[in-house]
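Could you walk me through this structure, one selection at a time? I have the viewer open and would like to know what to click on next.

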Amino acid sequence: MSKVRIAHLVKKKQAGEKITAITAYDASFSKLFADQGVDVMLIGDSLGMVLHGDDTTLGVTVEDIAYHTRAVRNGAGNAFVIADMPFMSYSTPIDAAYNAAELMRAGANMVKLEGGAWLTETVAHLTQQGIPVCAHLGLLPQQVHIIGGYRIQGRDPEQADQLIQEGLQLQAAGAQLLVVECIPSALGQRFSEALDIPVIGIGAGPGTDGQILVMHDMLGMNADYLPKFTRNFLAETNSLAGAVQAYVNAVKSGTFPGPEQSFD
């Protein structure tokens, strides 16, 4: 696989070819993912839950993300690497630029921020500084205490329209990629149709331009809880490489997510 850049992801969207993405936290797994043709790896603040065992992502620091970004970059080969900006690391454009620079120096190709229209100034500032931005709408784990838990977003028509408008505003501000999480399938497809930038879904139905899963969910490693929007690919294949390849193939063929992994 040649080096993946944002231009390649845009071409995939334009050609109707699905983008494959997964969270990664170390060199060994990121090499496995790269070997199986995964396009994008995200060092998610989900590490607070799946690695640290916390109940939320809020305890993750910039230093945590930078540490794991270096490890992933060392194994990711030509894959595109995105680093999450942790809770309160981008409360102002200046803070965002300072902290994003640390993640870019650690090896990220792009940083990801959770939030809507209030982030347009920050997105524009980062872009002007040469830092590519991935936006994140829908369910925002860093706002779990505000929204009252991990709940589906955008079911109300007015909220759905607002989310689309915020996506367009973030794109206009300079965001080059968008993640949408836990929204109805129809809204996920609307996002992909409304925006020129690639839209990657998690619990957003099959109509987005690509899919991302937390690696621990995709491998069935969380025995206590498997989110509705995921699938245990390891149980179907009985090998790590086979599980990742099955996930990649299912995304590219459009068979994942199916109705049972989607929200009405």
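Here is a short tour of a predicted model, with a selection to make at each stop.

**Stop 1: the barrel**

Begin with the strands in cartoon view. Eight of them form a closed barrel with parallel pairing, in the order β1-β2-β3-β4-β5-β6-β7-β8. On average, neighbouring strands of this sheet are turned by 25° against each other, direction ignored.

Now select residues 19-23, which are strand β1, together with residues 40-43, which are strand β2. These two strands run parallel and are joined by three bridges. For a detail of this region, click on threonine 23: opposite this residue stands leucine 42 in β2.

**Stop 2: helix α2**

Next, select residues 27-35 to bring up helix α2. Which residues of this helix are buried? They are Phe29, Ser30, Leu32, Phe33 and Ala34. Show the surroundings too: the elements covering the buried residues of α2 include β1, β2, α4 (62-75), α10 and α12.

Both ends of the helix deserve a click. At the N-terminal end, aspartate 26 acts as a cap, with a side-chain oxygen 3.3 Å from the backbone nitrogen of serine 28. After α2 comes glycine 37, where phi is positive, near 85°.

**Stop 3: serine 192**

Move on to helix α9, residues 185-194, and pick out serine 192 within this helix. Is serine 192 buried or exposed? Its relative accessibility is 10%, under the 20% cut-off, so serine 192 counts as buried.

Turn on the side chain and look for the backbone oxygen of glycine 207, which the side chain of serine 192 reaches at 3.4 Å. Leaving aside neighbours within four places in sequence, serine 192 is in contact with Lys13, Val199, Gly207, Thr208 and Asp209.

**Stop 4: phenylalanine 229**

Now go to the loop between α10 (215-218) and α11 (233-237), where you will find phenylalanine 229. This residue counts as buried because its relative accessibility is 12%, and the cut-off for buried is under 20%.

What is phenylalanine 229 in contact with, leaving aside its neighbours within four places in sequence? Select Cys182, Ile202, Gly203, Leu213, Phe256, Gln261 and Phe263 to see. You can also draw a C-alpha to C-alpha distance from phenylalanine 229 to glycine 258: they are 29 residues apart in sequence and 8.9 Å apart in space.

**Stop 5: a cluster of rings**

Phe256, met at the last stop as a contact of phenylalanine 229, leads to the final selection. Show Phe233, Tyr247 and Phe256 as sticks, since ring pairs link them into a cluster. The count of aromatic pairs in the model comes to five. One of them is phenylalanine 233 with tyrosine 247, an edge-to-face pair at 5.6 Å centre to centre, with 70° between the planes. This pair links distant parts of the chain: phenylalanine 233 is in helix α11 and tyrosine 247 is in helix α12 (residues 240-253), 14 residues apart.

Phenylalanine 233 is buried, with a relative accessible area of 0%, and tyrosine 247 is also buried, at 0%. Now look from tyrosine 247 to phenylalanine 256: the ring centres are 6.1 Å apart and the planes are at 70°, so this pair is edge-to-face. Phenylalanine 256 counts as buried too, at 3% relative accessibility.

Conventions
Residues are numbered from 1 along each chain as its sequence is written. This is a predicted model: local features need pLDDT of at least 70, side-chain atom pairs count only at pLDDT 80 or more; totals for chains, interfaces and linings use all residues. Side-chain values use heavy atoms; hydrogens and water are left out. Helices (H or I, at least four residues) and strands (E, at least two) are DSSP runs, numbered from the N terminus. Buried means under 20% relative accessible area, exposed over 50%, partly exposed in between (1.4 Å probe, protein chains only). Contact means heavy atoms within 4.5 Å. Rings of Phe, Tyr and Trp (its six-membered ring) pair if their centres lie within 6.5 Å; planes under 30 degrees apart count as stacked, over 60 as edge-to-face and the rest as tilted. A polar contact is a pair of N or O atoms within 3.5 Å; within protein, one must be able to donate a hydrogen and the other to accept it, and residues adjacent in sequence count only if both atoms are side-chain atoms. Two strands pair if DSSP finds at least two bridges between them. Axes are lines fitted to C-alpha atoms, for helices over the stretch in contact, and angles run from 0 to 180 degrees between N-to-C directions.
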